[in-house]
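Please open the model in your viewer and keep the sequence panel beside it. The tour below moves from one selection to the next and says what is found at each stop.

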Amino acid sequence: MRLDQALVKMFPQYSRNRLQAWLKSGHVLVDGKHSERNARTAGGERIELRPPAAAGAGLPAAQRLPLKIVFEDDDLIVIDKPAGLVVHPGAGNPDNTLLNALLAHAPSLRLVPRAGIVHRLDKDTTGLLVVAKNLTAQARLAEQLAQRSVKRTYFALVHGAPPAHGAIDAPVGRDTRARTRMAVTHRGKEARTSYRVLERFARGSNAAALVECRLETGRTHQIRVHLQHIRHPLVGDPVYRRGAGGGIEFARQALHAAELELVHPRTGRRKAWKAPLPADMKKLLAQLRRAG
């Protein structure tokens, strides 16, 4: 394979034209040396991409914010995100985001697209999120996500009494009636969530269940939309609550990214992490258990 073709496969986050320009300007090294665009790769070479400093221009300012780091090495940072922390700046949230905090914690992330963030959690969803610290790690994590080999397990507290287990296979896309929402729609992208009930609480109009969800795809708001679709929305969800009943109060959607498993981009070994339930969810579950 030609070197420029290999770069496109290794770094899908960049356009072919940009990669070729960087190759031409000497920002690509093969086994530590500059190489020509049409050079051939045989496999086993160490290919390094070193974008010019301008690649990080325009990123938000670094801001020192508390981060609960579960794991960190030269390639990865695994964060246990608290409720209320927005992952990426956007409308209404220009700063004080996870991205701002990451740039302060590891300034070299300014040279990695989106500061190494390869997947997101909603503002009020807690739990595990992985960040790539370099371009190679980012490309390999993106590939794993595309191949659906990253295992993500969530704990969700839902209204009602769902079946003991099941799989929700329903496409998710933008809700045409409200552009800030997602919905199950034939115009959406393939989405699949499997679940099993771990514990049930109360009965009748106040029934609720603690559910373990596994993502097989990673669409925006997927778990929230899918659980609403089967009429067992998340307790506390301010957006997706159709079918909710009872008087269970919670200040946010009761959703926690509890387990994360992936192949380490450098060693090739599988790594797994767990994050305990946050204090507010533990307190709510204890109240439901006492209530019977």
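**First stop: the second largest pocket**

Begin by selecting α4, which contributes four residues, the largest share, to the lining of the second largest pocket. Helices and strands here are DSSP runs numbered from the N terminus, helices being H or I runs of at least four residues and strands E runs of at least two. The model is a predicted one, in which local features need pLDDT of at least 70 and side-chain atom pairs count only at pLDDT 80 or more, while totals for chains, interfaces and linings use all residues. Residues are numbered from 1 along each chain as its sequence is written, and side-chain values use heavy atoms, with hydrogens and water left out.

Add β3 (47-49) to the selection, since β3 and α4 each supply at least two residues of this lining. The second largest pocket has a volume of about 460 Å³, and of its 19 lining residues the closest to the centre are Arg-46, Glu-48, Asn-134, Thr-136 and Arg-266. A pocket is an open set of points on a 1 Å grid over the protein atoms alone, with protein on both sides within 12 Å along at least five of seven lines; a cavity is a set where a 1.4 Å probe fits but cannot get out, and lining residues have an atom within 4 Å of a point. Grid points are joined across faces, edges and corners, and a volume is the space filled by probe spheres set on the points. By class, this lining has nine nonpolar, three polar and seven charged residues, where Ala, Val, Leu, Ile, Met, Phe, Trp, Tyr, Cys and Pro count as nonpolar, Asp, Glu, Lys and Arg as charged, and the others, Gly among them, as polar.

**The largest pocket**

Next, select Arg-120, Leu-121, Asp-122, Thr-220 and His-221, which are the closest to the centre of the largest pocket among the 41 residues that line it. About 1,300 Å³ of space lies in this pocket. Its lining takes two or more residues from each of α4 (135-147), β7 and α5 (222-229), and divides into 17 nonpolar, twelve polar and twelve charged residues.

**The cavity**

How many cavities of 30 Å³ or more are there? The count comes to one, with a volume of about 40 Å³. To display the lining of the largest cavity, select His-119, Leu-128, Arg-152, Thr-153, Tyr-154, Ala-257, Glu-259 and Leu-260; β7 (151-159) and β13 (255-263) each supply at least two of its residues.

**Two helices, α1 and α2**

Now select residues 3-10, helix α1, and residues 16-24, helix α2, which pack at an angle of about 125 degrees with their axes 10 Å apart. The contact is made by Leu-3, Asp-4, Leu-7 and Val-8 of α1 and by Arg-16, Leu-19, Gln-20 and Leu-23 of α2, contact meaning heavy atoms within 4.5 Å. These residues divide into five nonpolar, one polar and two charged.

**Two loop residues**

Select Thr-41 in the loop between β2 (33-34) and β3. Not counting residues up to four places away in sequence, Thr-41 touches Met-1, Leu-3, Ala-6 and Ile-47. Between Thr-41 and Glu-199, 158 residues apart in sequence, the C-alpha to C-alpha distance is 54 Å.

Finish at Ala-61, in the loop between β3 and β4 (69-72). The C-alpha atoms of Ala-61 and Asn-100 are separated by 6.0 Å, although their positions lie 39 residues apart along the chain as counted by number. With residues up to four places away in sequence left out, Ala-61 touches Asn-100, Leu-103 and Arg-110.

How values were computed:
Axes fitted to C-alpha atoms, helices over the stretch in contact; angles between N-to-C directions.
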